Amino acid sequence: MVGHNAAPVSDEFAEVENEDTASFTVRFESGFVGTFSVTRTGFGLPNGLALDVLGGDGRAAFDQHRPAEYLFDPCR
């Protein structure tokens, strides 16, 4: 098995001694609220970048791993 397509992965588990996840919430001047999250060790997301915009009328999303696709999901 290979992790992030570059290095072998072992079955060993150990305590993480550094911060590997950060999240924060912001309120924009317009009143919109946003949440941002990053992680260094997210399983299955090698160098991933995704964006979800959630609103009262629906959602729009983009994932860098599928650059030709955009999701528009209106509320029903």
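Two strands count as paired when DSSP finds at least two bridges between them. By that yardstick, in this predicted model, strand β6 (residues 58-63) and strand β7 (residues 70-74) are joined by 5 bridges and run antiparallel. One of the contacts to look for links Phe62 with Tyr70, its bridge partner in β7. Together β6 and β7 make a hairpin, with 6 residues sitting between them.

On its other pairing, β6 meets β5, again antiparallel, this time through 6 bridges. Here Asp52 has Ala61 of β6 as its bridge partner. Put together, the 3 strands give an open sheet with antiparallel pairing, ordered β5-β6-β7. β5 (50-55) and β7 are the edge strands; each has just a single partner strand, so one side of each is left without a neighbour in the sheet. Going from one strand to the next, the twist averages 10°.

Back in the hairpin, the loop between β6 and β7 is where Arg66 is found. Is this residue best described as buried or exposed, or does Arg66 fall in between? Its relative accessibility comes out at 49%. Exposed would require over 50%, and buried would require under 20%, so Arg66 counts as partly exposed. Arg66 can also be placed relative to Ala50: the two residues are 16 apart along the chain, and 9.6 Å separates their C-alpha atoms.

Definitions and conventions:
Residues are numbered from 1 along each chain as its sequence is written. This is a predicted model: local features need pLDDT of at least 70, side-chain atom pairs count only at pLDDT 80 or more; totals for chains, interfaces and linings use all residues. Side-chain values use heavy atoms; hydrogens and water are left out. Helices (H or I, at least four residues) and strands (E, at least two) are DSSP runs, numbered from the N terminus. Buried means under 20% relative accessible area, exposed over 50%, partly exposed in between (1.4 Å probe, protein chains only). Axes are lines fitted to C-alpha atoms, for helices over the stretch in contact, and angles run from 0 to 180 degrees between N-to-C directions.
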